[in-house]
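The following note is intended for a colleague who is meeting this structure for the first time. It proceeds point by point and begins with the packing of helices.

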Amino acid sequence: MDTSKEYIKMSDCPEIQAAISKNKIDWRNQGYCKKHKCLTTEDMDGCPQCGGMIAKIYKDNELGGYIDRTSLWDEEMCEYNQWIVLPYQDQLQGIYCSVMVNRTEVFDLISEIFRFANTNPISEVCKSMEQLWLAFVMWELHAKQWLATEEKWVALPAIKEKI
Ligand SMILES: [Zn+2]
């Protein structure tokens, strides 16, 4: 998945972090430890510097491990706001579909992202599918656009009206 600096910065916003920490984090997710400025390892051994993990994970489960969602952000395992969780494409699609309940068909979803990529200039600066889906979710659900030059999300309702 995309673990670039751009994607970490794009993921570092309250809208996405709130949505993903609510019920979407799973064992695949990598996180960026803000305190130590590094990514968790892919095998979920946590932050290489502090050993902290983005969620409490039980690896002995017969299914290969699961996350106890009730203990997300457990004080023992991590510090609140220490992490930027990097969402996968399907998680971003899930966030979108959980709000836009009338757009849950696969073809509808593909049509929506195609329309977005064709009409929104942000698609030209997105360097991965993850970035494109993240920009799509932020645009559709929060009317915010990524300003690559300033590395932040900004509300641009005026532009949305033009499209
Ligand atoms: Zn750390």
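1. In this predicted model, helix H3 (residues 89-99) and helix H5 (residues 129-142) have axes that come within 9 Å and cross at roughly 15 degrees. Axes here are lines fitted to C-alpha atoms, for helices over the stretch in contact, with angles running from 0 to 180 degrees between N-to-C directions. H3 is therefore roughly parallel to H5, a term applied to angles under 35 degrees, while those over 145 count as roughly antiparallel, those from 65 to 115 as roughly perpendicular and the rest as oblique. The crossing of H3 and H5 is left-handed, that is, the near helix is turned anticlockwise from the far one by less than a right angle.

2. Which residues of H3 and H5 meet? From H3 come Gln89, Leu92, Gln93, Ile95, Tyr96 and Val99, and from H5 come Met129, Glu130, Trp133, Leu134, Val137, Glu140 and Leu141. By class, the residues of this contact are nine nonpolar, two polar and two charged. Ala, Val, Leu, Ile, Met, Phe, Trp, Tyr, Cys and Pro count as nonpolar, Asp, Glu, Lys and Arg as charged, and the others, Gly among them, as polar. Two residues are in contact if their C-beta atoms, placed from the backbone, lie within 7 Å.

3. Two conventions should be kept in mind. Residue numbers start from 1 along each chain as its sequence is written. Because the model is predicted, local features need pLDDT of at least 70 and side-chain atom pairs count only at pLDDT 80 or more, whereas totals for chains, interfaces and linings use all residues.

4. H5 also packs against helix H4 (residues 106-119), at an angle of about 90 degrees and with the axes 11 Å apart. H4 and H5 are therefore roughly perpendicular to each other. On the H4 side, Ile113, Phe116 and Ala117 take part, and they meet Leu132, Trp133, Phe136 and Trp139 of H5. The classes in this contact are seven nonpolar, no polar and no charged residues. Trp133 of H5 thus appears in the contact with H3 and in the contact with H4.

5. Is H5 mostly covered or mostly open? H5 is mostly covered, with 10 of its 14 residues buried. A residue is buried if 20 or more other C-beta atoms lie within 10 Å of its own, exposed if 12 or fewer, and partly exposed in between, with C-beta atoms placed from the backbone. The buried residues of H5 are Glu130, Gln131, Leu132, Trp133, Leu134, Ala135, Phe136, Val137, Met138 and Trp139. H4 lies largely in the open, since the number buried among its 14 residues is one.

6. As to length, H5 spans 19 Å from its first C-alpha to its last, close to the 20 Å expected at 1.5 Å a residue. H4 reaches 20 Å, close to its expected 20 Å. The expected span is 1.5 Å times one less than the number of residues.

7. The loops on either side of H5 merit attention. Serine 128 is in the loop between H4 and H5 and counts as partly exposed, with 15 C-beta neighbours inside 10 Å. Leaving aside neighbours within four places in sequence, serine 128 is in contact with Asp2 and Tyr7. Tyrosine 7 is 121 residues away along the chain, yet its C-alpha and that of serine 128 are separated by 8.7 Å. After H5, alanine 143 lies in the loop leading to strand E6 (144-147). Its phi is near 55 degrees, a positive value in a residue other than glycine. Alanine 143 is partly exposed, with 15 other C-beta atoms within 10 Å.

8. Glutamate 151 likewise has a positive phi of about 55 degrees although it is not a glycine. Glutamate 151 is found in the loop between E6 and strand E7 (152-155) and is exposed, with 12 other C-beta atoms within 10 Å.

9. Proline 14 lies in helix H2 (residues 14-23) and counts as exposed, with 9 C-beta neighbours inside 10 Å. Proline 14 and isoleucine 84 are 70 residues apart in sequence and 9.8 Å apart in space, C-alpha to C-alpha.

10. For the protein as a whole, there are six helices and seven strands, which run α-α-β-β-β-β-β-α-α-α-β-β-α from the N terminus on. Helices (H or I, at least four residues) and strands (E, at least two) are DSSP runs, numbered from the N terminus. Of the 163 residues, 29% count as buried. Among contacts with a separation of 6 or more, 57% join residues 24 or more positions apart.
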